[in-house]
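Trainee: Please take one helix of this model and give me a close look at it. I want its packing, its partners and the residues around it.

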Amino acid sequence: MAETFQTDHYAAYRMDYHDPHRELEPPEREIEVVDQALTALHTAGALPHTGYDHAKMLAHRDAVKELFEIPWTAISPRMQRLLYAISAVVQPQNMIAAGIFCGNTFISNAGAAVGPGACYQAKQLIGVEIDPDRAALAERNVRRIDTTGVARIVADDALNVVAGFDGPIHLLYLDADGTPEQGKGIYLDILRAAYDRMPPGAVVLAHNSLNCAERLRHYLAFVRDPARFRASVNVVFDPEGLEVSRR
Ligand SMILES: C[S@@+](CC[C@H](N)C(=O)[O-])C[C@H]1O[C@@H](n2cnc3c(N)ncnc32)[C@H](O)[C@@H]1O
């Protein structure tokens with residue numbers, strides 16, 4: 001089922017991709033907006049509840065700010081908080097994130113299980129990046145926060161990693177931009193490769209659900225089909241958007 005959570009003035013909530021840690025609004029406002037998004041997700045059936053630890057989220061954010069080398073990122077502070085909160089709520093044992101560049105998106109997902117923001121124990125948290133230099137940077141970044149090895153980066157095509165993964169996939173995060181011909185159309189290929197191993201309650205997150213909506217139209221039709229996903233909500237609180245879908 002297609003549903004949208006949209007804030008007023010979302011287009012005016014603009015970050016500088018090269019200055020991702022700059023505060024864009026008072027913390028209370030950021031928390032309020034993300035709480036509203038979590039409530040909309042819960043009401044639609046896309047999340048089992050909305051609770052997460054705000055202090056742990058801030059500890060995670062501070063560690064990323066201090067330890068990560070981020071050449072640029074399109075992950076806004078609202079999006080960082082939402083990704084962390086979704087992982088804290090879903091507590092995926094196994095997670096695959098596809099197309100993670102320097103690892104900032106990946107650690108937003110994984111930070112609920114590793115490092116100072118950890119609130120549960122996961123088994124395998126895998127970030128996949130096809131560009132070997134970017135993958136190496138992401139791995140260096142992740143190692144500074146996670147000394148356990150539960151979170152790790154694989155330099156490969158996400159399609160290969162998902163197809164070869166042995167076990168259930170509880171959270172799939174999609175951000176790969178594919179070949180110039182495919183673009184973000186690759187999301188649907190990756191999801192199809194994972195779908196049969198996503199158990200009931202598993203969640204798939206698609207970044208750029210707003211600014212790449214046209215390229216993602218087949219993907220969005222797939223996740224919004226109630227025969228395939230019990231709920232799917234487009235979270236529009238920044239100019240990029242995140243489609244959250246739950247099996
Ligand atoms: C736009 S970046 C994601 C950046 C992220 N949204 C952020 O703001 O930090 C997309 C990444 O996907 C990678 N990529 C493209 N196709 C891929 C594939 N098939 N498998 C894994 N990674 C892929 C690219 O190399 C690129 O680093």
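Mentor: What follows sets the scene with the whole chain, then turns to helix α3 and its surroundings.

This is a predicted model, where local features need pLDDT of at least 70, side-chain atom pairs count only at pLDDT 80 or more, and totals for chains, interfaces and linings use all residues. Residues are numbered from 1 along each chain as its sequence is written, and side-chain values use heavy atoms, with hydrogens and water left out.

Start with the frame. The protein chain has 8 helices and 8 strands. Helices (H or I, at least four residues) and strands (E, at least two) are DSSP runs, numbered from the N terminus. The C-alpha trace spans about 40 × 40 × 35 Å along its principal axes. For 247 residues, a compact globule would have a radius of gyration near 18 Å; the chain has 16 Å, which agrees. That radius is taken over C-alpha atoms, and the globule rule is 2.2 Å times the number of residues to the power 0.38.

Of the 247 residues, 54% count as buried. Buried means under 20% relative accessible area, exposed means over 50%, and partly exposed lies in between (1.4 Å probe, protein chains only). Take the contacts with a separation of 6 or more: 76% of them join residues 24 or more positions apart. A contact means heavy atoms within 4.5 Å.

Now the helix itself. α3 covers residues 77-90. Two partners matter for this look: α2 and α1. Two packed helices are described by the angle between their axes and the distance between the axes.

First, α2 (residues 54-67). Its axis and that of α3 come within 11 Å and cross at roughly 125°. That makes α2 oblique to α3. Axes are lines fitted to C-alpha atoms, for helices over the stretch in contact, and angles run from 0 to 180 degrees between N-to-C directions. Angles under 35 degrees count as roughly parallel, over 145 as roughly antiparallel, 65 to 115 as roughly perpendicular, and the rest as oblique. The crossing of α2 and α3 is right-handed. A crossing is right-handed if the near helix is turned clockwise from the far one by less than a right angle, and left-handed if anticlockwise.

On the α2 side, the contact uses His54, Lys56, Met57, Leu58, His60, Arg61 and Val64; α3 supplies Pro77, Gln80, Arg81 and Tyr84. By class, this contact has 5 nonpolar, 3 polar and 3 charged residues. Ala, Val, Leu, Ile, Met, Phe, Trp, Tyr, Cys and Pro count as nonpolar; Asp, Glu, Lys and Arg as charged; the others, Gly among them, as polar.

Zoom in on glutamine 80, which sits in α3. At 10% relative accessibility, glutamine 80 is buried. Beyond four places in sequence, glutamine 80 touches Met57, His60, Arg61, Val64, Ile75 and Ser108. The C-alpha of glutamine 80 lies 9.1 Å from that of isoleucine 107, 27 residues apart along the chain.

Second, α1 (27-44). α1 and α3 pack at about 45°, with their axes 10 Å apart. They are therefore oblique to each other. Their crossing is right-handed. α1 brings Arg29, Glu30, Ile31, Val33, Val34, Ala37, Leu38 and Leu41, which meet Pro77, Arg78, Arg81, Leu82, Ala85 and Ile86 of α3. The contact of α1 with α3 divides into 10 nonpolar, no polar and 4 charged residues.

A loop residue joins this picture. Threonine 7 lies between β1 (2-6) and α1. Threonine 7 is buried, at 6% relative accessible area. Leaving aside neighbours within four places in sequence, threonine 7 contacts Val33, Arg78, Val236 and Phe237. Histidine 9 is in the loop between β1 and α1. Histidine 9 is exposed, with a relative accessible area of 67%. Its phi is positive, about 60°, although histidine 9 is not a glycine.

Finish at the loop between α3 and β2, where glutamine 91 is found. Glutamine 91 also has a positive phi, about 50°, and is not a glycine. At 35% relative accessibility, glutamine 91 counts as partly exposed.
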